[in-house]
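Trainee: I am new to this structure and would like to know how its labels are earned. Can we go through them one at a time?

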Amino acid sequence: MPHEPLTQAEVLLEGFLALETPEGFRAELIEGEIVVTPPPDGDHEDYINLVAKQVTRRSRTDMDFSGNKGLKLRSGGGCPKNHAIPDGTFAPTDQRLFRGAEPWMPCDGVALVVEVTSSKPQADREAKYRCYARGTIPLYLLVDREESSVTLFSDPEGADYRQRCTIPFGKPLALPDPFAFELETADFV
């Protein structure tokens, strides 16, 4: 029986899912582009650790954390479904969202994603920003090492977040419910 020819987006998605990256590297499919990144440096991991410790210790709602969890997100235009790997993903513990999840899981139930800029900061500032908004992830926290700032994006609509709050390293940043605490960034300096 003849098969329908695959679309370019389907071919790209199949190629991406079959990709084998070198140990320590990670591959993402963001807005129709396969992005492969090398292992992060120690400072990058330190920022993630600083955020993760505060969220797990101070959040009003108990949160589970996953570093490098693959998320399937809606795409824009003719691109295949985006496959992003945030530096950090938080979900309420009572949902047990990560339990039994496939390597690439839907983003439903995710409360917050965290990205720390590295060698390709524009991907975190623009492409991933749009992907997380399209996925209706309520909160996106961007730790921008080049700008020495932290930005919290909230209230997603379409490919945009309608609210943003940027503070310089060293100042506290209020995280709304379900977190409901001030993220201290003094140690980011």
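Mentor: Start with the element names: helices and strands are DSSP runs, a helix having at least four residues and a strand at least two, and they are numbered from the N terminus. Note also that this is a predicted model.

Trainee: Which of these elements supply at least two residues each to the lining of the largest pocket?

Mentor: They are β1 (26-30), β2 (33-37), α2 (42-58), β8 (112-116) and α3 (121-134). The lining has 27 residues, and R26, T37, P38, D87 and S118 lie nearest the centre of the pocket. The volume of this pocket is about 410 Å³.

Trainee: What makes a residue count as lining the second largest pocket?

Mentor: A lining residue has an atom within 4 Å of a point of the pocket. For the second largest pocket, F16, L17, L19, T21, A27, N68, G70, I85, P103 and W104 meet that test. Its volume is about 180 Å³.

Trainee: How do the classes of residue divide in the two linings?

Mentor: The largest pocket has 10 nonpolar, 7 polar and 10 charged residues in its lining. In the second largest pocket there are 7 nonpolar and 3 polar residues, with no charged ones. Gly counts as polar, so G70 of that lining is placed in the polar class.

Trainee: How do you know that the span of α2 is close to the expected one?

Mentor: The expected span is 1.5 Å times one less than the number of residues. α2 has 17 residues, for which 24 Å is expected, and the helix reaches 24 Å from its first C-alpha to its last.

Trainee: Which residues of α2 are buried, and what covers them?

Mentor: H44, Y47, I48, L50, V51, A52, Q54 and V55 are buried. Their cover includes β3 (63-66), β6 (88-92), β8, β9 (139-144) and β13 (181-183).

Trainee: What makes the approach of D41 to D43 a polar contact?

Mentor: A side-chain oxygen of D41 comes to within 3.2 Å of the backbone nitrogen of D43, at the start of α2. The cut-off for such a pair is 3.5 Å, so the pair qualifies.

Trainee: Why is E31 called partly exposed?

Mentor: Buried means under 20% and exposed over 50%. E31 has a relative accessible area of 23%, so this residue falls in between. E31 lies in the loop between β1 and β2, and its phi is near 50 degrees, a positive value in a residue other than glycine.

Trainee: Why does T136 get that label too?

Mentor: Its relative accessibility is 44%, so T136 is partly exposed by those cut-offs.

Methods. Residues numbered from 1 in each chain as written. Predicted model: local features only at pLDDT ≥ 70, side-chain atom pairs only at ≥ 80, totals over all residues. Heavy atoms only, no water. 1 Å grid on protein atoms, 1.4 Å probe; cavity = no way out; pocket = protein on both sides within 12 Å on 5 of 7 lines; lining within 4 Å. Points joined across faces, edges and corners; volume = space filled by probe spheres on them. Buried < 20%, exposed > 50% of the residue type's maximum accessible area, 1.4 Å probe, protein only. Contact = heavy atoms within 4.5 Å. Polar contact = N/O pair within 3.5 Å; in protein donor to acceptor, adjacent residues only side chain to side chain.
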